[in-house]
Amino acid sequence: LLVYLNLSGNATVTSADYSQVISKVSDNFFQTAGSLTNALKTAVEAVNTALVERNMKTTGRGQYVMGTLVLGALREMQLYIVQSGPTHAYHLGEASTQHFHDAQLAGRGLGFSQTARIFYAHVEVRPGDRLVFAAQMPAAWEDSLTAEPPSSSNEVLRRRLMGEADENINGALIQLTKGKGQVTVMRPSAEAGAPQPAPASEDIPLPAV
């Protein structure tokens, strides 16, 4: 399960808030029986309910939190993608690039309505394919992601994307590889354009499912 979450609004959002919401996503996903799409839908709805309840408690003070969410669930060679809010998801394969985005179907985000609007997509993936999840997409990114050769390194791609961003944005760059269920988190340098030592890596074992 891949979770990309962005919380915004005029209320204070802490690291603990992010951890709590992400835990709610994973708990509801893995504890939901039935189809994969139903588990993803249940996870999104659980986050929406939690944010709606939080906003109702602070509405008298004029404070709110809005969530935008991208979920990716990998089953064999199929990646199922769910988006809620105006988010972007790219699949960079060896032969083609696909962009998943539908602001109308995905709605404006979680926390405003009792009903969560969701945009569904799925794509066949292979080892070496890359994914980019982002809440905001600078105009130059579309050309860069479409033109990026599969042989380029993740650090080259990251530096190119960050060099084209003239605003404070964030995103997730993910590469799929053959392995034993572990995630390697790359620690890029803070300065996208400055030469830096190679980023460190950290193996994080995934919980048994």
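Which residues of helix H5 (residues 154-163) are buried? Keep that question in mind while you begin with the whole chain, remembering that what you have open is a predicted model.

**The whole chain**

Show the protein chain as a cartoon, and you can trace 5 helices and 10 strands along it. Of its 209 residues, 37% are buried, and the accessible surface comes to about 11,900 Å², of which 50% belongs to carbon and sulfur atoms. If you turn to the contacts between residues at least 6 apart in sequence, 61% of them join residues that are at least 24 apart.

**Helix H5**

Now select residues 154-163, which form helix H5, and colour Leu 157, Arg 158 and Leu 161, for these are the buried residues of the helix. When you look down the axis of H5, these buried residues fall within an arc of 100°, so they line one face of the helix. An α-helix has 3.6 residues a turn, so residues three or four places apart point the same way. Next, add the elements that cover the buried residues of H5, which include strand S4, strand S7 (130-134), helix H4 (139-147) and strand S8 (171-175).

**From strand S4 to Glu 94**

Strand S4 covers residues 88-92, and by following the chain onward you enter the loop that leads to strand S5 (97-100), where you can select Glu 94. Glu 94 counts as exposed because its relative accessible area is 71%, and the cut-off for that word is over 50%. Select Gly 128 as well: although 34 residues separate Glu 94 from Gly 128 in sequence, their C-alpha atoms are 7.9 Å apart in space.

**Strand S2: Thr 68**

Move to strand S2 and select Thr 68, which has its place there. Is Thr 68 buried or exposed? Thr 68 is buried, since its relative accessible area is 5%, and buried means under 20%. Leaving aside residues up to four places away in sequence, Thr 68 touches Tyr 4, Leu 5, Asn 6, Ser 84, Gly 85, Pro 86, Thr 87, Arg 108 and Ala 135, and showing these as sticks lets you see what surrounds this threonine.

**The loop after S2: Glu 76**

Finally, follow strand S2 (65-75) to the loop that joins it to strand S3 (78-84), and select Glu 76 within that loop. Glu 76 is exposed, with a relative accessible area of 72%. What is the sign of phi at Glu 76? Its phi is positive, at about 55°, although Glu 76 is not a glycine. Most residues other than glycine have a negative phi.

Note on methods:
Residues are numbered from 1 along each chain as its sequence is written. This is a predicted model: local features need pLDDT of at least 70, side-chain atom pairs count only at pLDDT 80 or more; totals for chains, interfaces and linings use all residues. Side-chain values use heavy atoms; hydrogens and water are left out. Helices (H or I, at least four residues) and strands (E, at least two) are DSSP runs, numbered from the N terminus. Buried means under 20% relative accessible area, exposed over 50%, partly exposed in between (1.4 Å probe, protein chains only). Contact means heavy atoms within 4.5 Å. Accessible areas come from the Shrake-Rupley method with a 1.4 Å probe; for residues, only the protein chains shown count as cover. The arc is that of the directions from the helix axis to the C-beta atoms.
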